[in-house]
Amino acid sequence: MDLRELRARPARDGKKRGADSAPVHAQIRGLRLNEKPLSAAELEESQVGPNGVITKNGKPVGVMVEDEPVVGYNTPSRKLELFSKTMADWKWPEFTLPEYYRSHIHRSAQSASTGDPGEEFDPQYTPLVRWPNDAHGAVYTLLPIFRLPNLIHTRSGNAKHLYEISHKNPLWLNPVDAKAMGNVRTGDLMKVHTEIGFFVLHAWVTEGLAPGVVACSHHLGRWRVNKDEQVERMSSAWVDLKEVGKGQWKMRQLEGVKPYESTDPDTQRIWWSDSGVHQDITFPVHPDPVSGMHCWHQMVRVERAGAEDRYGDIFVDTNLSFAVYQRWKALTRPGPGPNNLRRPLWIPRVVRPEESAYYVTPK
């Protein structure tokens, strides 16, 4: 039952009630994990502080809300925090209150990358992009992380029916930008430059995104260097991968997907030849100075492909990649944090190590 159905259900007196009515509110409340009551086992040997925070073995486990012990939010105070003491404790006092943050792909950063920093660009939070000499074209924000509804990252490469539905990841272009680039049409070959290289793919002109933004799905682009390798041949291209200079790598597709014989008769029914373009390899490491997480959105330059470019071409300069990483790392602030912590204990992780791993042991 969804919220629309709950709102439409008639009450016993024949009148309709909104979502704030008692029986409806009780059902909706189950969706609010922060209001989940603490169990008797969780409350055993716990203490309630003057601020209402419930602690157990020195750690917050919940909070009192209207005299009821509930889980609360996953913050040190178990409350929805506006002022972040964590940011202050970890040497970022200017970010203790919510504010608009200009990221590395903000328009001011894009202008700065072409020699016009402007007043909004602040180099202490965003490294200045240094384009390779052969990077031409207008500057755009690339969205490389959106997901097609039937694929899961590149782990769907062994799902033959899903890959038959989606086996191409073109560059999405707004018609306004397509016109500005010289009347680019769907299917035209485009070259996307990053800070460390480029990739070449087809255009798809669509009003599905805003002007000034381009996009490319990250599900596709699998490749193999052995032509007859049996690993996911229906979702990967056979490529030539060469080191053309010290730390500089060039990839060119030699053969796309094609039918082949195997124990699965469907491999002989393959009708498509495309496997997409592996854009991620052209992205440098962008460790966010505050959180340490990788910043996936990219600032790129886009132009029509040249006479020597081929669909699926990829070039990466690992020397530039390391230099970009060093510039981003230089924006961090020295640790450790309070009590010699590597990172705050309360921030969740997918696979959480034992607690001793969170602490730095002084030499």
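**Notes on two pockets, a sheet and a buried asparagine**

1. Let's start with a helix that is easy to find: H4 makes the biggest contribution to the lining of the second largest pocket, giving 3 residues. Keep in mind while you look around that this is a predicted model.

2. How big is that second largest pocket? Its volume comes to about 650 Å³. There are 19 residues lining the second largest pocket, and Pro 60, Pro 76, Pro 344, Leu 345 and Trp 346 sit closest to its centre. Besides H4, strand E3 (59–65) also gives two or more residues to this lining. Sorted by class, the lining of the second largest pocket has 9 nonpolar, 6 charged and 4 polar residues.

3. Now for the largest pocket, where the volume is about 1,000 Å³. Its lining takes in 37 residues, and the ones nearest the centre are Trp 92, Pro 289, Val 290, Ser 291 and Gly 292. You'll meet H4 (85–89) again here: H4 and helix H8 (318–329) each supply at least two residues of the lining of the largest pocket. H8 has the largest share, with 3 residues. What classes do the lining residues of the largest pocket fall into? They split into 20 nonpolar, 9 polar and 8 charged.

4. Next, have a look at the sheet. It is an open one, made of 4 strands in the order E1-E2-E3-E4, with antiparallel pairing. Why do E1 (47–48) and E4 (68–70) each have one side without a neighbour in the sheet? Both strands stand at the edges with a single partner strand, so one side of each is left free of a neighbour. As background, strands in a sheet pair through backbone hydrogen bonds, and the pairing can be parallel or antiparallel.

5. Zoom in on one end of the sheet. E1 pairs with E2 (residues 53–56) in the antiparallel sense, over 2 bridges. If you want a residue to check by eye, try Val 48, which stands opposite Ile 54 in E2.

6. Last, a single residue worth a click: Asn 169, in the loop between helix H6 (160–165) and strand E6 (171–173). Is Asn 169 buried or exposed? Its relative accessible area is 1%, and under 20% counts as buried, so Asn 169 is buried.

7. What does the side chain of Asn 169 reach? One answer is the backbone nitrogen of Val 277, at 2.9 Å. A polar atom of the Asn 169 side chain also lies 3.1 Å from the backbone oxygen of Ser 217. Leaving aside neighbours within four places in sequence, the residues in contact with Asn 169 are Leu 201, Cys 216, Ser 217, Leu 220, Gly 276 and Val 277.

Note on methods
Residues are numbered from 1 along each chain as its sequence is written. This is a predicted model: local features need pLDDT of at least 70, side-chain atom pairs count only at pLDDT 80 or more; totals for chains, interfaces and linings use all residues. Side-chain values use heavy atoms; hydrogens and water are left out. On a 1 Å grid over the protein atoms alone, a cavity is a set of points where a 1.4 Å probe fits but cannot get out, and a pocket is an open set with protein on both sides within 12 Å along at least five of seven lines; lining residues have an atom within 4 Å of a point. Grid points are joined across faces, edges and corners, and a volume is the space filled by probe spheres set on the points. Ala, Val, Leu, Ile, Met, Phe, Trp, Tyr, Cys and Pro count as nonpolar, Asp, Glu, Lys and Arg as charged, and the others, Gly among them, as polar. Two strands pair if DSSP finds at least two bridges between them. Buried means under 20% relative accessible area, exposed over 50%, partly exposed in between (1.4 Å probe, protein chains only). A polar contact is a pair of N or O atoms within 3.5 Å; within protein, one must be able to donate a hydrogen and the other to accept it, and residues adjacent in sequence count only if both atoms are side-chain atoms. Contact means heavy atoms within 4.5 Å.
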